[in-house]
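User: I am new to this structure and would be grateful for a close look at a single part of it, its interior. Please describe formally how the side chains there are arranged.

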Amino acid sequence: MSSKAPEKEKDKDKSKVHRLSLKGSAKLVAEFFQYSIHTILFQRGVYPAEDFTTVKKYGLNMLVSADDQVRAYIKKIMSQLDKWMVGGKISKLVIVITDKDTGEHVERWQFDVQIFSKAAQSKTKYQAASSTTDDNQNQSPNENAATSTTASTPAPPLDKTEAEIQAEIAAIFRQITASVTFLPQLSGDCTFNVLVYADADSDVPVEWGDSDAKEIVNGERVQLRGFSTTNHRVDTLVSYRLAD
């Protein structure tokens, strides 16, 4: 019996390095998106700091909104994102911060998703219903736009432990937090929208609609860190309007 114990321990160690299933990897990426939305809203001051509460995640103290309306909106987004991610339908998720007075897009956080060994497909940009602080909450997006992905898919990375993946994600959140050192301070009241680049054949709820890309006009762009599993890679890019 004593000789079998090390084998069990060895098997246990191996289990920590096993490849995440596609579904498990998709859920991990979707969860990362959820915390990214909360973190960006807090760090960029879109909502007051007192509206956030601290939770422990990725070995970090993460700030998530405690506002019922904001939480309901993000939950609504995530319920659809979870389905699209598991179905392998998403190639980008974008969080756009907009000046409420001028309607100008001032900051754009883009998360590019690569699914290893998946062929390129036609993508369409979809926008969730307008964010919760807008007066015109049910306003429809105004343009259709479709893009084709033509880049070849890179080879998947070597197997990683869960701890290695979590460490990569934690490094992204540290960098998002540190971004306040170079991003211009947002002035006035701002709101946000979530865009998703999904396969053209995706099932789209009625509250989502086609959208333009909401790019930052003449903006600066900074590439941030990314992370990968054996099924997905996520890269982060922030674009922002230069201060006047």
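Analyst: The following account goes from the chain as a whole to its interior.

The model is predicted, so local features need pLDDT of at least 70 and side-chain atom pairs count only at pLDDT 80 or more, whereas totals for chains, interfaces and linings use all residues. Residues are numbered from 1 along each chain as its sequence is written, and side-chain values use heavy atoms, with hydrogens and water left out.

The chain contains four helices and ten strands (DSSP runs numbered from the N terminus: H or I of at least four residues for helices, E of at least two for strands). Their order from the N terminus is α-α-β-β-α-β-β-β-β-α-β-β-β-β. Of the 244 residues, 45% count as buried; buried means under 20% relative accessible area, exposed over 50%, and partly exposed in between, with a 1.4 Å probe and protein chains only. Among contacts (heavy atoms within 4.5 Å) between residues at least 6 apart in sequence, 76% join residues at least 24 apart.

A nonpolar core is a set of buried Ala, Val, Leu, Ile, Met, Phe, Trp, Tyr and Cys residues joined through side-chain atoms within 4.5 Å. The largest one has 51 residues, of which Phe32, Phe33 and Trp109 touch the most other members. Helix α2 (residues 22-43) supplies the largest share of this core, ten residues. A second, separate core has five residues, among them Val94, Val96, Tyr197 and Ala213. Leaving aside residues up to four places away in sequence, Trp109 touches twelve-membered company that can be named in part: Ile40, Arg44, Leu93, Ile176 and Leu237 are among these residues.Helix α2 also has a regular length: at 1.5 Å a residue, its 22 residues should span 32 Å, and its end C-alpha atoms are 31 Å apart, which agrees (the expected span is 1.5 Å times one less than the number of residues). Just after α2, glycine 45 takes a positive phi of about 65 degrees.

Aromatic side chains form part of this picture. The structure holds eleven aromatic pairs. Rings of Phe, Tyr and Trp (its six-membered ring) pair if their centres lie within 6.5 Å; planes under 30 degrees apart count as stacked, over 60 as edge-to-face and the rest as tilted. Phenylalanine 32 and phenylalanine 227 have ring centres 4.9 Å apart and planes at 70 degrees, so their pair is edge-to-face. Because phenylalanine 32 lies in helix α2 and phenylalanine 227 in strand β9, the pair ties together parts that are 195 residues apart in sequence. Phenylalanine 32 is buried at 0% relative accessibility, and phenylalanine 227 is buried at 1%. Both belong to one aromatic cluster with Phe33, Tyr35, Tyr58, Phe111 and Phe173.

Charged side chains also occur in the interior. A salt bridge is a side-chain nitrogen of Lys or Arg within 4 Å of a carboxyl oxygen of Asp or Glu, and the structure holds seven of them. In one, glutamate 107 and arginine 44 have their closest N and O atoms 2.7 Å apart. Glutamate 107 lies in strand β4 (residues 105-115) and arginine 44 in the loop between α2 and β1 (52-57), so this pair ties together parts that are 63 residues apart in sequence. Glutamate 107 counts as buried at 1% relative accessibility, and arginine 44 is buried at 8%.
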